[in-house]
Structure formats: structure tokens, C-alpha cells
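Visitor: Could we go through the ligand site and the empty spaces of this protein together? I would like to begin with the ligand.

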Amino acid sequence: MRLNNATLKTLETPIDQPSYDRSQLQTGIVHLGVGAFHRAHQAAYTDALLNLQLPDWQSWGITGVSLRSPAVRDQMHAQDGLYIVVERGAGGEKLRIMGPITEVLIAAQDREHILSLMAATATKIITITVTEKGYCHDPGSGNLNFSHPQIVADLQNPTAPQTCVGFIVAALARRKSQGLASFTVLSCDNLPDSGGLIRNIAIQFAERIDPSLAQWIAENTAFPNAMIDRIVPATTDEARAALQQQLTLRDEAMVVTESFNQWVIQDTFCNGRPAWEKVGVLMVDDVAPYKALKLRLLNGSHSLIAYTGFLAGYETVSEAMSDKNLRQLCGLFMDRDAGETVLAPEGFNLEEYKKQLIERFSNPGLKHRTAQIAMDGSQKIPQRILPPLRQQLSATGNNHVQILCLALAAWLRFCAGVDQHGGTYSLNDPLEDKLKRLCDLQKDSSEVVDDVFALPEIFGDDRDYLQAVKSNVVFWLDNFKRRGVLLTLAEGLPYVAE
Ligand code: CS2
């Protein structure tokens, strides 16, 4: 039996569930990219808020949009939009049934429905989690990639968009022509100034089709920056089967996550917002310090552990964290190479934060695959590893760059697409073919580093600073190739820790 409105009433095990009447929800938020992360994060905060039933609660239902596959729609449709979040932490396991998503639509099939909903007066906010590559931009420059095939297609046919930016601009064009107020665009992806990025590319896109629309967007649309944080691994069939055993109900849309949850939002909405601060969301003037902290300490460490851990044969982050050398490497990275480049916001306990991160990574309840975090490296490295590297190099005194170099080398070794035993794997990266070719194991390590460092789409136009670390990266890459990660770390860690 599937979880849905009817079977919800038959549940024998008592589980927290929506206390609000879901049939009264109206769409106030359209969410683009309704994956596991959205369901465990923004939708979970909104669900908690709806449970408070504040005077305007009915206005904040969420319509989810999938820009790619119909899988989530199919999972959620059969369940009337209900799904379970399983939280696993030190205190055990907690289940909660969520109800804020009333409908899931598919870009390719429901385009007109989606655009009219985005252009409706009741829609106040478009939230986005489309991952780094979903912005179709050049991470090196922050500009829209005008040669991206889907952007080319959207610019040729802007009223029938496929991309996130295409949908936003098409919907804003409708609002402008109908004389309606703009919605707020709230990007919730792991990019340094996610609000500034989506604003920039929306305006660049609009300029190509109608400069007056670009100007209207610049003057009327708010694009707040936001920091989002919750570890949400892709749901496994094993987790679904275990939950089914426990509840005797099948939930295809369930997500497994940790108990930790954090959302910091720049409070610059242009058309109203839910009172998310009532359920623990931090509304601030400036998100940048929180964002740098999170991208460099959490996501930077994640990438470091994912590449070294994957190459060492660890399937999950928690397994990698049980390796004493990897754990030490991660701690050193947080204390020095990355940690020295961040400034904690006022009242923020950095030491506690780092300790908590190690605990979160070690959570055995989360089967967070190193391969999942390793994907899309070309889109992640630019904001996770390069900013602390630049900052370390420009600092006077001791420049701690050794682990940043090691992380780059582990990524380059990973990009060969061949493991230590000769087994092959996919990089899952938009630049996969190019990176695999450039990182071929037969090539000289120095040539690999030169070739990859020359890519402006990853490293930007101003790449001279990289010369200062080239020999370090070559050193680690060479060692990883010849001796593997575990041996290299066992012998190299004392040297790194110096
Ligand atoms: C991870 C993030 O997959 C990845 O690249 O680093 O998804 C990470 O789990 C989240 O940002 C945690 O908030």
C-alpha cells in the first residue's frame, strides 16, 4: 500500500503529520528542482510553519516543478504529494510526514500550466534548487553560458523554455505585460552569491530578447542570497524497503537526512514572504559570511573527503571519516587551509561548528556516497577550493595551501575516470569528456595540471596565481597515481601537518 491521503488515516504507528488542512493550500511558492534536498530542507521548514497555522498560512502552499525527469512527479502524484522525512542523528531516528507540496509538474509536459502559475498574482516566491550546473553559467566568470545548447534553444524560443533561467524570465515577461508585481527569486544552491548569480544571468538572458524586460527585472525583482545546509543523500531502495517494513506503507518519495537543518536568508523580498523566522530560519542583512563559512568548511571538506575517500575505496563519507588519516586531513583542512580564510559572523562559535561538522560527516545513519559528492566537480571546485586558495596565497606570512593543493590533485586523479585497480567509472560532470581526456593516466602529471589549469570555464580569466601552487599539485597527483591515496597520506600527512 502506498502512503497517500486515504492510507494516512490507517497508520498504526503514530507519526508527526500535517496539522493543517492541506486542501485549503493555495500556491504561493513555485519551486524549481523538486529533488530530495528541497523536500528535506525548504519544504520541511515550510511544513513546520504551516503547522503553526498563522493567519496567512493558506497562502504558502508549494507547487514543485521538475525541469528534467518525471520521476519525482510520479512518486509524489500517487501519494497526493505526501512524503516522509526520516531524520537520523545521535538521538536515534525521527519520522515526520510532510504536506506542503500540493502538486509536482514537469517542465516538458506542463509548460503552460507552470508559466501561468508562476505568473499568477498569488505566487509570491520562486525558490530554486537546480544544483550548480542548472544555472547554465560559466563558473569561472559567473556569466550565462550562451553556447549551452539549452540556453541556445531557450533564446530561440523564449516562450517555451526548458531551463531554470528561461522559465524565470518567461514568467517575469508575463507579469510585466500583465502589470503585476514581480515575484522574489530565492536561489537555494551551494553557490557563493546565489542571488547575485541568478540575477545576473536572468538579466543577461532577458537583454537578448527584450532590453526593456531586462530593465524591468533589474528594477523590480528581488534576488536574495541564501545559505542552506542539510546533508541529504540520494534515497536508496534499501531505505525505502526498511521504512516499508516499519510502517507497512510504501513511500517512494521519502528522504533520509540528519537532524541538523539550517537556512540563512537575506531579507530583501519584493512581494511578501512566509514568516519562516518563526520556525528557526535566520533572516539577515548579509548572508555572505555564512555562505563563505559553509562553502569552504562544509562543502570544501566534503569535496576533499569525497575525492580522496572515493579513490581510497570508501563508499560513504562516514566510512571515509573512520579512516584516521582522512579524518586528520579533514580536521587540518578546517583548521588551517580553509578555516584561516573565513570570518565567523558575530556570535558564531567557529570551533563548535567545526567539531559539529566532523560529527555530522561521521553520522553512520547517512549513507552519503563519496561518488555522489564527487560528481560535477567542474562546477563545485570554483567556489569550494579556489577562493580559499587565492586568499591563502595573498596572505602575508605562512600560506597554508598544501591541503588545498592535495584536494585539487585528488580531483584531477578522480577525473581520469579509472581507479587504482583499472576499473572505470563515470565522472558525472558536464565537462566529463574534456576532463577525462585531459587527465588521462598515461599523461605526465605536470602536463595534466597545465592543461586543466588553462580552462577558463573553471578557473576564470585571471589564472596567474595558480602558477604558485602548480608544483605542489603535481607532487600530490604524481603520488596518487603511483602509490595510491592511502599510502600517500600515511607518509605525507606528517609533512602536511608541519
Ligand atoms: C555536498 C552537498 O553533494 C555535495 O556536493 O557537498 O550537497 C552537501 O551535502 C550540502 O551542501 C549540505 O548542506
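Visitor: How far is an oxygen atom of the ligand from an N or O atom in the side chain of Arg384?
Guide: In this predicted model, the side chain of Arg384 places an N or O atom 2.9 Å from a ligand oxygen. For the side chain of Lys380, the distance between such an atom and an oxygen of the ligand is 2.9 Å. For Asn299, the corresponding side-chain distance is 3.0 Å.

Visitor: How much of the ligand does the protein bury?
Guide: The protein buries 88% of the 340 Å² that the ligand exposes when taken alone.

Visitor: Which elements give two or more residues to the shell around the ligand?
Guide: They are helix H11, spanning 288–311, and helix H16, spanning 377–384. H11 gives the most, with four residues.

Visitor: And which residues surround the ligand?
Guide: The ligand is surrounded by Asn190, Asp229, Arg230, Lys294, Leu298, Asn299, His302, His368, Ile373, Lys380 and Arg384.

Visitor: How does that shell divide by class?
Guide: Five residues of the shell are charged, four are polar and two are nonpolar.

Visitor: Which domains does the shell draw on?
Guide: Domain 1 (7–284) and domain 2 (288–497) each supply at least three residues to the shell around the ligand.

Visitor: Let us change topic. What is the volume of the second largest pocket?
Guide: The second largest pocket holds about 340 Å³ of space. Its lining consists of 19 residues, and those nearest its centre are Pro139, Gly140, Ser141, Gly142 and Pro382.

Visitor: Which elements give two or more residues to that lining?
Guide: H16, helix H17 (386–394) and helix H21 (456–459) do so. H17 provides the largest share, three residues. H16 is also one of the elements that give two or more residues to the shell around the ligand.

Visitor: What classes of residue line this pocket?
Guide: The lining has 10 nonpolar residues, together with six polar and three charged ones.

Visitor: Which domains does the lining of the second largest pocket draw on?
Guide: Domain 1 (7–284) and domain 2 (288–497) each contribute at least three residues to the lining of this pocket.

Visitor: Now the cavities: how many are there of 30 Å³ or more?
Guide: The count is three cavities of that volume or more. The largest cavity has a volume of about 50 Å³.

Visitor: What lines the largest cavity?
Guide: Its lining is formed by Leu311, Arg413, Asp419, Gln420, Phe480, Gly484 and Val485. By class, three of these residues are nonpolar, two are polar and two are charged.

Visitor: Which helix gives the most to that lining?
Guide: Helix H22, residues 470–497, gives the most, with three residues.

Notes:
Residues numbered from 1 in each chain as written. Predicted model: local features only at pLDDT ≥ 70, side-chain atom pairs only at ≥ 80, totals over all residues. Heavy atoms only, no water. Near = heavy atom within 4 Å. Polar contact = N/O pair within 3.5 Å; in protein donor to acceptor, adjacent residues only side chain to side chain. Areas by Shrake-Rupley, 256 points an atom, 1.4 Å probe, with all protein chains shown as cover. Nonpolar A, V, L, I, M, F, W, Y, C, P; charged D, E, K, R; others polar. Domains from an automatic or database assignment. 1 Å grid on protein atoms, 1.4 Å probe; cavity = no way out; pocket = protein on both sides within 12 Å on 5 of 7 lines; lining within 4 Å. Points joined across faces, edges and corners; volume = space filled by probe spheres on them.
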